[in-house]
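Here is a walk through one protein model, with a few stops along the way. Have the chain open next to you and look up each spot as it comes along.

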Amino acid sequence: MKLVKKSAALLCLFLSPLQGAGEEKSVTFSKDIAPIIFENCTTCHRPGQIGPFALTDYKTVKRRAKQIVEVTEDRTMPPWHADPGDVKFSNNRSLSPEQIKLLSDWVTAGRPEGDPAETPPLPEFHEKWQIGEPDQIATMTERFTVRAEGSDIYRNFVIPMNLEEDRWVEAIEFLPGAPEIVHHILYFLDTSGKARKYDAEDKKPGFSMSKSNAGFSYIGGWDVGTQPTELPHGLRFLIPKGADLVVQIHYHPNGREMTDQSSVGFHYSDKPTARPWSIIQVPPHFGQMQGIEIKAGDKEHIEEASFILPEDCEAFAVNAHAHYLAKRMELTATLPNGKAIRLLRTTRWDFRWQEDYSFEKPVKLPAGTRLDMLISYDNSASNPNNPTSPPKNVKWGPQTTDEMGSITLAAMFETKEQKEATHNALRFFLANQFIDRIWERRADVGNGNGNGNGNRKGQLQIAVGMLKALDKDNDSMLSPEERKTAIALIQGMGFLKRFGAIGFE
Ligand code: HEC
């Protein structure tokens, strides 16, 4: 006991500000601190941007100095939620231990300014497009008003692209109309005309989340503070002629009524994509068929899913998605030779920061690699992010008070066939999950307890009847052979059509 106390005291002495005061004297704002702040903080912390105050000169930084040391030491700033692991990320925003120490040394030294002539100029921030004027700018056709207070708003806006031929896109940049309230967005393409119809039927600009986005193809997203998406490795994605852009925006009211009219800039390329590529989501479709059910009060609810890659690919980025209850999210690849690579681990999932993590170098994943994803959720009252008080039972759903969960890899292939085979394996995976969910409900249907509206109930009855008929040996289990037949039937009946957004088609 005594020993512990003694060593703690020693440690205090070692860390005391008096120690090494000689070296710290030389830490000044102009020479040491301004470069760190201007490089890593000012993009967001300047007027009109998402940061709640400006960090643009000696005065503004000096005023916040103590708080800056706190938030950099506990790594809440700059926002970056991936734990250090097996792969390096090219867009890593976090500060190095040396930078964090310099900030604290500066405060200890009394926040000296140094020679103002030495202060570097502020970086040249592009007030509009960061990667240059786009070839095409798609702007929301009407302004949308966001009330001052209240819960977050999700809304879909349809923007006709009016393309007369197919175009390959090499970069896409989102320009929020009102950066103070635009939190994150997802982009989709619609070639069916359905989105236009929804828009026309809805009195306000755009259309609500109650309409399904099934059949739209998902092409990516943007969140607060992310860099524009410039596809790496010569990759491109295709916008078919006649397609409409659907932008789904998440607004976060900030105390003042504001209107937004955001734009999306497209950079086209004359060259097609260098390689086929796609996204691999585990479990697919944001976990819709995962059977997520989190009991009220459950402090650590774990969801896991594993997917085996049927073909070789090279992963180049990873992204995680869940709502407020998630805490820890992990994706690990176990190669056929047994080597495990942790592709993403976050122990501090924060719904407000939906980051894309780009790999410095692509990670080769041979056929037979197993992807294991794990998400833990905290649905207790002690989770400060829990949106419901007192906690309620939570299932999969699109509202932020529902839950979701999956981790998505972006990966490139050598051939189109490899990409197709990977999509098919994902569809098979989803169909299998779908069968599990129906099979779980067979007792309900037998008792006439199947909930939902008449139509849904009828569909469930048919599906359960079909599976029961397939269970030839009547052992209440589907053998692998029986499952295969069931999946073929389910695919044949178009049951999976509503899961459109599996990958880039
Ligand atoms: C990607 C945008 C972004 C970057 C980069 C960024 N910040 Fe922030 N910062 C924010 C936002 C947004 C908030 C408001 C709180 C929140 O949403 O987490 C914030 C809040 C803060 C706060 C207040 C924290 C609190 O508890 O109220 C401090 C201090 C801060 N930032 C300092 C910094 C410093 C220092 C850096 C650079 C080392 C930095 N930030 C980089 C966006 C950013």
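Proline 79 sits in the loop between α5 and α6. With a relative accessible area of 7%, proline 79 is buried (buried means under 20% relative accessible area, exposed over 50%, and partly exposed in between, with a 1.4 Å probe and protein chains only). Arginine 93 lies 14 residues away from proline 79 along the chain, and their C-alpha atoms are separated by 7.0 Å.

Before going further, a word on where this comes from: the model is predicted, local features need pLDDT of at least 70, side-chain atom pairs count only at pLDDT 80 or more, and totals for chains, interfaces and linings use all residues. Residues are numbered from 1 along each chain as its sequence is written, and side-chain values use heavy atoms, with hydrogens and water left out. Helix and strand names follow DSSP runs numbered from the N terminus (helices are H or I with at least four residues, strands E with at least two).

**The iron site**

Which residues hold the iron atom of the ligand? His45 coordinates it through NE2 and Met77 through SD, at 2.0 to 2.3 Å. Donors here are N, O and S atoms within 2.8 Å of the metal (3.2 Å for Na, K and Ca), and since water is not among the atoms, sites may look incomplete. The iron atom has six donor atoms, and with angles of 86 to 179° among them its site is octahedral (for six donors, that takes opposite donors over 155 degrees apart and all others between 65 and 115). Histidine 45 and methionine 77 link distant parts of the chain, 32 residues apart: histidine 45 is in the loop between α3 (29-40) and α4 (58-63), and methionine 77 in the loop between α5 (65-73) and α6 (97-108). Is each of them buried or partly exposed? Histidine 45 counts as buried, at 10% relative accessibility, whereas methionine 77, at 31%, counts as partly exposed.

**Two open sheets**

Now for the strands, where two strands pair if DSSP finds at least two bridges between them. One open sheet has four strands in the order β12-β21-β15-β18, with antiparallel pairing. At its edges stand β12 (277-282) and β18 (356-365), each with a single partner strand, so one side of each has no neighbour in the sheet. On average, neighbouring strands of this sheet are turned by 25° against each other, direction ignored; the axes are lines fitted to C-alpha atoms, for helices over the stretch in contact, and angles run from 0 to 180 degrees between N-to-C directions.

Edge strand β12 is worth a look. Six of its six residues are buried, so β12 is largely enclosed by the rest of the structure. Trp277, Ile279 and Gln281 are on one side, with Ser278, Ile280 and Val282 on the other, and both faces are covered.

The other open sheet also has four strands, in the order β14-β19-β16-β17, and its pairing is antiparallel. Here β14 and β17 (340-346) are the edge strands with a single partner each, so one side of each is left without a neighbour in the sheet. Neighbouring strands of this second sheet are turned by 15° on average, direction ignored. Strand β14 (residues 301-308) has a covered face with His301, Glu303, Ala305 and Phe307, while Ile302, Glu304, Ser306 and Ile308 make up its uncovered face.

Here are some strand pairs from both sheets, with one bridge or facing pair for each.

| Strands | Bridges, antiparallel | Residues opposite each other |
|---|---|---|
| β14 and β19 (370-377) | eight bridges | isoleucine 308 and arginine 370 |
| β15 (313-321) and β21 (406-412) | seven bridges | alanine 315 and alanine 411 |
| β12 and β21 | six bridges | isoleucine 280 and leucine 409 |
| β16 (326-334) and β17 | six bridges | methionine 329 and threonine 346 |

**Towards the end of the chain**

Arginine 441 is in the loop between α9 (416-440) and α10 (442-446). At 26% relative accessibility, arginine 441 counts as partly exposed. From arginine 441 to leucine 460 is 19 residues in sequence and 8.3 Å in space, C-alpha to C-alpha.

Helix α12 (residues 480-492) is the last stop. Its 13 residues reach 18 Å from first C-alpha to last, close to the 18 Å expected at 1.5 Å a residue (the expected span is 1.5 Å times one less than the number of residues). Which residues of α12 are buried? They are Glu482, Arg483, Ala486, Ile487 and Ile490. Seen down the axis of α12, these buried residues fall within an arc of 135°, so they line one face of the helix (the arc is that of the directions from the helix axis to the C-beta atoms). An α-helix has 3.6 residues a turn, so residues three or four places apart point the same way. On the face of α12 turned away from its buried side are the exposed residues Glu481 and Gly492.

Technical notes. Four donors count as tetrahedral if all angles lie between 85 and 135 degrees; four count as square planar and six as octahedral if opposite donors are over 155 degrees apart and all others between 65 and 115; anything else is irregular.
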